[in-house]
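This report goes through a protein model one topic at a time. Please keep the sequence and the 3D view at hand while reading.

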Amino acid sequence: HNNLKELPDFILELTKLITLDLSSNNLEEVPNFIQHLTGLTSLRISQNKLKEVPDFIKELTQLITLDLSSNKLEEIPDFIGELTNLTSLRLSSSQLEKVPDFIKELKGITSLYLSKNQIKDIPDFIGLLSDLSDLSFWDNPLEEIPEFIGKLENLSYLDLDNTRLTKVPECIHKLVSLRSLDLRSNCIEELPEFVCKLNNLQ
């Protein structure tokens with residue numbers, strides 16, 4: 001939490017840097033020298049004023065965690081899908097109207113945060129991301145949750161807060177690993193019995 005608008009060049013000398021957190025600043029672009037920090041495994045640039053994601057981000061092939069939430073991005077580029085080591089991707093508050101297609105290329109992803117967007121539909125390929133453990137669609141106008149979400153057997157955290165649901169999706173009874181289920185701020189009138197049978201819920 002600072003007011004940085006640019007970063008000093010000496011950071012370029014930190015060639016062994018693996019974690020870089022630039023969140024909550026006033027950056028309007030991703031500093032060019034980051035392309036030389038090829039050992040980065042975690043890059044967090046949330047809550048800035050970024051308007052685009054530069055091409056050189058795809059050169060950071062060791063990235064495991066990428067957080068681009070809460071910027072002024074006009075689009076999320078497809079080359080993010082080339083970062084196949086990613087296990088955690090945060091694109092909350094990114095003006096998204098749909099789940100980006102490139103996410104289906106991230107076969108090993110375990111945490112996906114798409115909160116506070118304008119997503120109306122969950123695409124089929126989400127059901128194929130079998131390693132997912134954390135999934136958040138909080139504050140999106142979904143209205144319904146597709147049946148294939150029940151295929152995510154490793155899912156332990158599911159946030160459907162304020163998604164305009166009128167009933168608890170039946171597919172949830174298949175999520176036997178679920179430990180946290182958030183259904184707040186919806187229009188649900190009754191809680192089905194199968195929720196009580198999710199023995200890992202806390």
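## A buried serine in a strand

Ser111 has a relative accessibility of 12%, so this serine counts as buried, the cut-off for that class being under 20%. The model in which this value was computed is a predicted one.

Ser111 belongs to strand β5, which covers residues 111-113. Leaving aside residues up to four places away in sequence, Ser111 touches Thr87, Ser88 and Leu89, and also Leu132, Ser133 and Asp134.

## Two residues with positive phi

Asp139 is not a glycine, yet its phi angle is positive, near 60°. Asp139 is found in the loop that runs between β6 (134-136) and β7 (157-159). The relative accessible area of Asp139 is 27%, so this residue is classed as partly exposed, a class that lies between the limits of 20% and 50%.

Asn162 is another residue other than glycine with a positive phi, here near 55°. Its place is the loop between β7 and β8, where β8 spans 180-182. Asn162 has 31% relative accessibility and therefore counts as partly exposed.

## The largest pocket

The largest pocket of the model has a volume of about 280 Å³. It is lined by 16 residues, and the closest to its centre are Lys167, Val168, Pro169, Glu170 and Cys171.

What classes of residue make up the lining of the largest pocket? Eight of the lining residues are nonpolar, seven are charged and one is polar. Among the residues closest to the centre, Cys171 appears again in the next section.

## Cysteines without a disulfide

How many disulfides does the count come to? The count is zero. For Cys171, the nearest cysteine sulfur is that of Cys196, and it is 17 Å away. A disulfide needs the two sulfur atoms within 2.5 Å, so a pair at that distance does not qualify. Seen from the other side, Cys196 is also in no disulfide, as its nearest cysteine sulfur is that of Cys171, 17 Å away.

Is Cys171 buried or exposed? With a relative accessibility of 0%, Cys171 counts as buried. Cys196, in contrast, has a relative accessible area of 64% and is therefore exposed, the cut-off for that class being over 50%.

Methods: Residues are numbered from 1 along each chain as its sequence is written. This is a predicted model: local features need pLDDT of at least 70, side-chain atom pairs count only at pLDDT 80 or more; totals for chains, interfaces and linings use all residues. Side-chain values use heavy atoms; hydrogens and water are left out. On a 1 Å grid over the protein atoms alone, a cavity is a set of points where a 1.4 Å probe fits but cannot get out, and a pocket is an open set with protein on both sides within 12 Å along at least five of seven lines; lining residues have an atom within 4 Å of a point. Grid points are joined across faces, edges and corners, and a volume is the space filled by probe spheres set on the points. Ala, Val, Leu, Ile, Met, Phe, Trp, Tyr, Cys and Pro count as nonpolar, Asp, Glu, Lys and Arg as charged, and the others, Gly among them, as polar. Helices (H or I, at least four residues) and strands (E, at least two) are DSSP runs, numbered from the N terminus. Buried means under 20% relative accessible area, exposed over 50%, partly exposed in between (1.4 Å probe, protein chains only). Contact means heavy atoms within 4.5 Å.
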